[in-house]
Amino acid sequence: MTELETVTEPTLHRPDSEPSHLMPQQVEHFLQQHPDFFQHREHLLMALSFPQVSGGTLSLAARQAELLRERIRVSEKNLHELHVHAHANEQRARSLHRIALTLLNATQPTAMLQALRERLIIEFDLAGVLINIENHSALDAFSSEDAGWKTLHNVNTPSIPRMNNELRELMVKHGLPETGSLAAIPLSFKALDANESNRSRGMLLLIKREPHGFSPDMGSLFLEHIGDLLSTSLARYAAVPA
């Protein structure tokens, strides 16, 4: 090698070759990919600070602890909500079980509906329960032509109808609070050996004392289960027209 010859070193990534500044997203991405970056660079921690609302600064460890505590609080809240929902679902399942037993233990339709009415009032703390069955000779006591029932004639799925004048009159007639709220559950059943053209209809009303005891944003699945149980039970007593 002559004196004029020089050794060329491999090209290194020098600081002056880096961009003049980094975007915050780039820094964030780098730290996410290298979570141990500060492990052997404690001196950098001295230059980091996190502002507090009350003034002063927080250390990185203190800030991390604060974030961790906040995440724990959120997790505990979510866990509590899951526990509450799970408990409520368990209570609904138990209520459905008792309702089903009430229907199964009945020996004739009128007694079955009377027992169901009492059971529903107890299970859901209701002001009352009204049942209307159309064109069923064995259930004349539960058949009515009141205008309130006619306003629900087109209700084909469980719903929370608004209280109108006809429904208020129906409530007053049965000694129930006209300022309460109600859930309407349509019934549809036929004799076990009949065809679909011989299907009978009816309506089950659950009445709460409070104006917002039943609200339109409530789910309808539980109400559907009650309607299915009662419709299936009524099919045992449906007679096929001669």
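In this predicted model, Leu130 reaches a broad set of partners once its neighbours within four places in sequence are left aside: Leu130 is in contact with Trp149, Leu170, Met171, His174, Leu176, Met203, Leu204, Leu205 and Ile207. The residue itself is found in strand E3, which spans 128-133. With a relative accessible area of 6%, Leu130 is buried, because the cut-off for that class is under 20%. One of the listed contacts, Leu205, also stands out by its backbone position: the C-alpha atoms of Leu130 and Leu205 are separated by 5.0 Å, although the two residues are 75 apart along the chain.

Just ahead of strand E3 comes a residue with a notable backbone angle. Asp125 is found in the loop between helix H4 (109-124) and strand E3 (128-133). Its phi is near 50°, a positive value in a residue other than glycine. At a relative accessible area of 48%, Asp125 is partly exposed; the value does not pass the 50% limit, so the residue is not classed as exposed.

Attention turns next to the aromatic side chains, of which the structure holds two pairs. In one of them, the ring centres of Phe30 and Phe37 are 5.4 Å apart and the planes meet at 80°, so this pair is edge-to-face. Phe30 counts as partly exposed, at 36% relative accessibility. The aromatic pair formed by Phe124 and Phe222 is likewise edge-to-face, with 5.4 Å centre to centre and 85° between the planes. Since Phe124 lies in helix H4 and Phe222 in helix H7, this pair ties together parts that are 98 residues apart in sequence. Both ends of the pair are out of the way of the probe to a similar extent: Phe124 is buried, with a relative accessible area of 18%, and Phe222 is buried with a relative accessible area of 18% as well.

Phe222 leads on to the largest pocket, in which about 340 Å³ of space lies. The lining of this pocket is made up of 14 residues, and those nearest its centre are Arg92, Phe214, Met218, Phe222 and Leu223. Two or more residues of the lining come from each of strand E5 (200-208) and helix H7 (221-234). Helix H7 gives the most, with four residues. By residue class, the lining of the largest pocket divides into nine nonpolar, three polar and two charged residues. Phe222 therefore takes part in two of the features described here, being one of the residues nearest the pocket centre and a member of the edge-to-face pair that joins H4 to H7.

Charged side chains provide a further set of links. Side chains of opposite charge can pair when their charged atoms come close. The structure holds six salt bridges, and three of these are described here in turn.

The side chains of Arg94 and Glu90 meet in a salt bridge at 3.1 Å, N to O. Because these residues are four apart in helix H3 (residues 60-105), about one helical turn separates Arg94 from Glu90. Arg94 is partly exposed, with a relative accessible area of 44%, and Glu90 counts as partly exposed at 38% relative accessibility.

A second salt bridge joins Arg98 to Glu123, with the closest N and O atoms 2.6 Å apart. This pair links distant parts of the chain, given that Arg98 is in helix H3 and Glu123 in helix H4, 25 residues away. The two partners fall into separate accessibility classes: Arg98 is partly exposed, with a relative accessible area of 32%, whereas Glu123 counts as buried at 16% relative accessibility.

Lys173 forms a salt bridge with Asp146, the closest N and O atoms being 2.8 Å apart. Here too the pair links distant parts of the chain: Lys173 is in helix H6 (residues 165-173), and Asp146, 27 residues away, is in the loop between E3 and helix H5 (147-150). Lys173 is exposed, with a relative accessible area of 54%. Among the salt bridges, some share partners, and in this way Arg98, Arg119 and Glu123 are joined into one network.

Methods: Residues numbered from 1 in each chain as written. Predicted model: local features only at pLDDT ≥ 70, side-chain atom pairs only at ≥ 80, totals over all residues. Heavy atoms only, no water. Buried < 20%, exposed > 50% of the residue type's maximum accessible area, 1.4 Å probe, protein only. 1 Å grid on protein atoms, 1.4 Å probe; cavity = no way out; pocket = protein on both sides within 12 Å on 5 of 7 lines; lining within 4 Å. Points joined across faces, edges and corners; volume = space filled by probe spheres on them. Nonpolar A, V, L, I, M, F, W, Y, C, P; charged D, E, K, R; others polar. Contact = heavy atoms within 4.5 Å. Phe/Tyr/Trp six-rings, centres within 6.5 Å; stacked < 30°, edge-to-face > 60°. Salt bridge = Lys/Arg side-chain N within 4 Å of Asp/Glu carboxyl O.
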